[in-house]
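Work through the two exercises below with the sequence and the model open. Each task is followed by a solution in steps.

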Amino acid sequence: MNFCENNAYLYISAILYWCYNIMRLHELIAELGVKGKCGPDLKTLYEGVKDVELEVPDEEVISKAVQMLSATANNVRLSILALIRDVPLPVCAISKILGIEQTLVSHHLRALKEAGLVEVQVRGRYRIYSISREGVRELFSMLEDLVGHHGK
């Protein structure tokens with residue numbers, strides 16, 4: 001694993017861990033508030049952030065984000081995304097460049113396609129893969145909605 005792949009993997013892992021912890025904190029706060037067990041310490045802690053809305057994201061949004069982030073949490077998949085970022089390529093070229101079997105490349109491309117991160121065009125007997133700009137925008141938008149800081 002090279003330096004860039006390692007950093008990308010660690011970054012995505014940290015975001016997933018952070019998302020999980022934020023969701024768990026929101027669940028805990030909601031549970032404590034509903035059951036009336038919220039002590040003065042927790043109330044005092046949140047007095048300064050009254051204008052912040054605490055809400056657990058929609059389950060569908062979480063599922064889609066998990067699918068997209070899971071699809072990128074792999075060295076080969078990140079390498080494929082980097083390769084096709086600017087130049088659409090067929091499976092055989094990706095396989096040759098990365099030095100791995102075409103069946104393995106196809107497996108990873110299928111996962112990326114199902115996550116909406118790559119697009120495919122059929123040209124004769126070749127399938128040409130390119131990055132889905134819309135899918136990448138959707139991923140970043142979801143991350144911003146889940147963990148971003150608005151207005152700060």
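Contact here means heavy atoms within 4.5 Å. The model is predicted.

**Exercise 1.** Describe how helix α3 and helix α7 cross, and state which residues of α3 meet which residues of α7.

Solution.
1. Locate the helices: α3 covers residues 59–72 and α7 covers residues 133–147.
2. Take the axes: those of α3 and α7 come within 10 Å and cross at roughly 125°.
3. Classify the angle: 65 to 115 degrees counts as roughly perpendicular and over 145 as roughly antiparallel, so α3 is oblique to α7.
4. Give the hand: the crossing of α3 past α7 is left-handed.
5. List the contact: on the α3 side are Val61, Ile62, Lys64, Ala65, Met68 and Leu69, and these meet Gly135, Glu138, Leu139, Met142, Leu143 and Leu146 of α7.
6. Sort the residues of this contact: nine are nonpolar, one is polar and two are charged.

**Exercise 2.** Do the same for helix α5 and helix α6: what is their crossing angle, and which residues meet?

Solution.
1. Locate the helices: α5 spans residues 91–98, and α6 spans residues 102–114.
2. Take the axes: α5 and α6 come within 9 Å, with a crossing angle of roughly 110°.
3. Classify the angle: the range for roughly perpendicular is 65 to 115 degrees, so α5 is roughly perpendicular to α6.
4. Give the hand: α5 passes α6 in a right-handed crossing.
5. List the contact: Val91, Cys92, Ile94 and Ser95 from α5 meet Gln102, Val105, Ser106 and Leu109 from α6.
6. Sort the residues: the contact of α5 with α6 has five nonpolar and three polar residues, and no charged ones.

Notes. Residues are numbered from 1 along each chain as its sequence is written. This is a predicted model: local features need pLDDT of at least 70, side-chain atom pairs count only at pLDDT 80 or more; totals for chains, interfaces and linings use all residues. Side-chain values use heavy atoms; hydrogens and water are left out. Axes are lines fitted to C-alpha atoms, for helices over the stretch in contact, and angles run from 0 to 180 degrees between N-to-C directions. Helices (H or I, at least four residues) and strands (E, at least two) are DSSP runs, numbered from the N terminus. Angles under 35 degrees count as roughly parallel, over 145 as roughly antiparallel, 65 to 115 as roughly perpendicular and the rest as oblique. A crossing is left-handed if the near helix is turned anticlockwise from the far one by less than a right angle, and right-handed if clockwise. Ala, Val, Leu, Ile, Met, Phe, Trp, Tyr, Cys and Pro count as nonpolar, Asp, Glu, Lys and Arg as charged, and the others, Gly among them, as polar.
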